[in-house]
Amino acid sequence: ALCFNRRYAFKGKSNKESRMRSPINRGAVASVDRVRKVQDMKCAHLTAHGAPPEVVKILDVVEPVAGHGQALVKMIACGINPADLLGFEGRYPGPGPFPAPCGIEGAGVVESVGAGSVLSVGDHVISLSRANWAEKVLAADEMFIRISKTLGWRDAAQLKINPPTAKKMLADYVELKPGDWVAQNAANSA
């Protein structure tokens, strides 16, 4: 849902020309700039499999607008998860087809909502999207989980994958009894 699926970079073209040629504006006669003030934002896109510094590119894209039941979230913090890095190398399920927005984990503040949204402007949320390495993320409400405003951003940005995985392992794979020990090791992931 990120960036209205505008996953295209037009090298050598201005932002205005890129917007005009994007799938959303195909056939448009007038520039989107004449309809409403268009703001650009940055988001990371994976362009191919390979070493992250070589294949992850920062693109300027048109900032999306929240529709019915959607929220636009300004991302505050995003983790770099081992699954991100393995996905970039093609050794783990990852974004695609190329170019594809990326970033498995992230947290931010709801900036705007569409009609019918259950979220409110100012809510702190984690994003369940796999396109979080962006200035802003647009998605349906169910792709965000409201979190406490007292939770630090660094912690919130890592909340999506490892804590639920640990809980599931402790609840579904072992039967703990009083006096049992559990070793928690942060060296394995984000």
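The following conversation asks how several descriptions of this predicted model are reached.

User: How many aromatic pairs does a search of the whole structure find, and what makes phenylalanine 88 and tryptophan 133 an edge-to-face pair?

Analyst: The search of the whole structure finds 1 aromatic pair. The ring centres of phenylalanine 88 and tryptophan 133 are 5.6 Å apart with 75 degrees between the planes, and because rings pair when their centres lie within 6.5 Å and count as edge-to-face when their planes are over 60 degrees apart, both conditions are met.

User: Which parts of the chain does this pair tie together?

Analyst: Phenylalanine 88 lies in helix H4 (residues 82-88), while tryptophan 133 lies in the loop between strand S6 (124-127) and strand S7 (136-140), so the pair ties together parts that are 45 residues apart in sequence. Phenylalanine 88 and tryptophan 133 are, moreover, both buried.

User: Why is cysteine 43 called buried, and why is cysteine 78 described in another way?

Analyst: Cysteine 43 has a relative accessible area of 1%, and because buried means under 20%, the word applies to cysteine 43. Cysteine 78 has a relative accessible area of 31%, which falls between 20% and 50%, and therefore cysteine 78 is called partly exposed. As for disulfides, the search of the whole structure finds 0 of them.

User: Is alanine 48 buried, partly exposed or exposed, and where is its place?

Analyst: Alanine 48 is partly exposed, because its relative accessible area of 29% is neither under 20% nor over 50%. Its place is in the loop between S1 and helix H3 (52-55). Leaving aside neighbours within four places in sequence, alanine 48 is in contact with Val55, Phe88 and Phe98. Alanine 48 and alanine 100 are 52 residues apart in sequence, and their C-alpha atoms are 8.9 Å apart in space.

User: How do you know that strand S1 and S4 pair, and which sheet has them?

Analyst: Strand S1 (residues 40-46) and S4 have 2 bridges between them in the antiparallel sense, and because two strands pair if there are at least two bridges between them, S1 and S4 meet that condition. Within S1 and S4, leucine 46 stands opposite alanine 100. The open sheet of 3 strands has the order S2-S1-S4, with antiparallel pairing, and its edge strands are strand S2 (56-62) and strand S4 (100-101), each of which pairs on one side only.

User: What makes S7 and strand S8 edge strands in the sheet of 5 strands?

Analyst: This open sheet has the order S7-S3-S5-S6-S8, with antiparallel pairing. S7 and strand S8 (144-147) each have a single partner strand, so one side of each is left without a neighbour in the sheet. Neighbouring strands of this sheet are turned by 45 degrees against each other on average, direction ignored. Strand S5 (residues 107-113) and S6 pair in the antiparallel sense over 3 bridges, and valine 109 stands opposite histidine 124 in S6.

User: Which residues have the most contacts inside the largest nonpolar core, and which elements contribute to this core?

Analyst: The largest nonpolar core has 14 residues, and those with the most contacts inside it are Val73, Val110, Leu119, Val125 and Phe144. S1, S2, strand S3 (70-77) and S7 give two or more residues to this core, with the largest share, 3 residues, coming from S3. Apart from this core lies another, of 7 residues, among them Ala44, Leu46, Val56 and Phe88.

Technical notes. Residues are numbered from 1 along each chain as its sequence is written. This is a predicted model: local features need pLDDT of at least 70, side-chain atom pairs count only at pLDDT 80 or more; totals for chains, interfaces and linings use all residues. Side-chain values use heavy atoms; hydrogens and water are left out. Rings of Phe, Tyr and Trp (its six-membered ring) pair if their centres lie within 6.5 Å; planes under 30 degrees apart count as stacked, over 60 as edge-to-face and the rest as tilted. Helices (H or I, at least four residues) and strands (E, at least two) are DSSP runs, numbered from the N terminus. Buried means under 20% relative accessible area, exposed over 50%, partly exposed in between (1.4 Å probe, protein chains only). Axes are lines fitted to C-alpha atoms, for helices over the stretch in contact, and angles run from 0 to 180 degrees between N-to-C directions. A nonpolar core is a set of buried Ala, Val, Leu, Ile, Met, Phe, Trp, Tyr and Cys residues joined through side-chain atoms within 4.5 Å. A disulfide is a pair of cysteine sulfur atoms within 2.5 Å. Contact means heavy atoms within 4.5 Å.
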